[in-house]
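Visitor: Hi, could you walk me through how the protein meets the DNA here? I'm new to this, so please take it slowly.
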Number of protein chains: 2
Amino acid sequence: MDSDVAEYLRQLRMKVTPKRLAIIDILKKESGYLSPEEIWRRMKKRFARIGLPTVYRNLEELANGKVIYRITHPNRQLYYFYCGNSVHHHHFVCVACRAVNDIEYCAIGDLQEEVRRKLSGRVVSHLLQVNGLCRNCLKKNYKGTWR
Amino acid sequence: MDSDVAEYLRQLRMKVTPKRLAIIDILKKESGYLSPEEIWRRMKKRFARIGLPTVYRNLEELANGKVIYRITHPNRQLYYFYCGNSVHHHHFVCVACRAVNDIEYCAIGDLQEEVRRKLSGRVVSHLLQVNGLCRNCLKKNYKGTWR
DNA sequence: GCTCAAATAAAAATCGTTTCTATTTAATCA
DNA sequence: TGATTAAATAGAAACGATTTTTATTTGAGC
């Protein structure tokens, strides 16, 4: 429901603007990740005046607030996708069709343990992303690389 | 030994040029990761004529050949470091001093299993990076963020 | 409705990275 | 050791995704 999103934004002390809601809505409706420019193109169908910097700014703020998530892509450009799962988890990304699925498995416990024991260090954050081919793209026998 | 590096480069069908060896040498001597520009500054002390594109090109090629490795930094700029460990592993990166240490732990088995069982997909690659504070920076009670 | 900080538009700038072209050099082999 | 050739390089230029800037608009609280 949209009121959920609005409520969540208020919790983050972010104003509930039509453009913010639209960006989230666009990402929600998409099964895969999108670039800022791709989101902008979709936004232009909904708003007569909409600047690319607005898209960038909102994407960053929403990602900071964990409403949306960033994809780590080999081309190092920004990509985002919506994920309603609010408990800590990681993602399986299809390199062919851009679909993103949740991975429940997380190794943080073992990692912290190894860093503490062997290195006497402290873990602050970790990045885990699994790339591959989703069920559908496997069927289609996709050969290419990242999109 | 340097002859090891030269031999390795030959295996990769890469010419053993003085600049290539110097880039590797610079990274070897550094305990933490470096940006292309930082490497370039060090190169300029060793070579009268050395272009930044040469540094970029070599860093990419060496990373493709797994002579050096890339760091995934939140600012999305390129960073590289040397790591002689040739068996599959991951890295613990100190966000304060940039030190990089090997992590032996790897979850690839469990990840593949979950992706196959729950998603009927296939894992092609995975990215695991652990960020935190190394032993020394913990002692110094470092408060800041990524460098 | 009024106030004000937050959000936005539009244009411009930034700057890390890549491309292009001519020149040089490492590797191969006679 | 010299000739050959593909790979590597210098330097300048381009590129383009992202960010900054400034004036204007708008959502939220009263």
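Visitor: What does the backbone of A:Gly51 lie 3.1 Å from?
Guide: In this predicted model, a backbone N or O atom of A:Gly51 lies 3.1 Å from a phosphate oxygen of DNA strand C.
Visitor: And which atoms of A:Thr17 and A:Thr54 lie by a phosphate oxygen of that strand, backbone or side-chain?
Guide: For A:Thr17 it is a polar side-chain atom, 2.9 Å from a phosphate oxygen of DNA strand C, and for A:Thr54 it is also a polar side-chain atom, at 2.4 Å from a phosphate oxygen of the strand.
Visitor: OK, how many residues surround DNA strand C overall?
Guide: There are 22, and the closest are A:Lys19, A:Arg49, A:Thr54, B:Tyr56 and B:Leu78. By class, these residues divide into nine nonpolar, five polar and eight charged, while the largest share of the surface, four residues, comes from H4 of chain A.
Visitor: Switching strands, what gives the most to the surface near DNA strand D?
Guide: That is H4 of chain B, with four residues, and the surface near DNA strand D has nine nonpolar, five polar and seven charged residues.
Visitor: Which part of DNA strand D does A:Lys15 reach, base or phosphate?
Guide: A polar side-chain atom of A:Lys15 lies 3.4 Å from a base nitrogen of DNA strand D, whereas B:Asn58 has a polar side-chain atom 2.9 Å from a phosphate oxygen of DNA strand D.
Visitor: So how much of DNA strand D within 4 Å of the protein is sugar or phosphate?
Guide: Of the atoms of DNA strand D within 4 Å of the protein, 75% belong to sugar or phosphate, and the rest belong to bases.

Definitions and conventions
Residues are numbered from 1 along each chain as its sequence is written. Chains are lettered from A and ligands numbered from 1 in the order in which they are written. This is a predicted model: local features need pLDDT of at least 70, side-chain atom pairs count only at pLDDT 80 or more; totals for chains, interfaces and linings use all residues. Side-chain values use heavy atoms; hydrogens and water are left out. A residue is near a molecule or strand if one of its heavy atoms lies within 4 Å of it. A polar contact is a pair of N or O atoms within 3.5 Å; within protein, one must be able to donate a hydrogen and the other to accept it, and residues adjacent in sequence count only if both atoms are side-chain atoms. Helices (H or I, at least four residues) and strands (E, at least two) are DSSP runs, numbered from the N terminus. Ala, Val, Leu, Ile, Met, Phe, Trp, Tyr, Cys and Pro count as nonpolar, Asp, Glu, Lys and Arg as charged, and the others, Gly among them, as polar.
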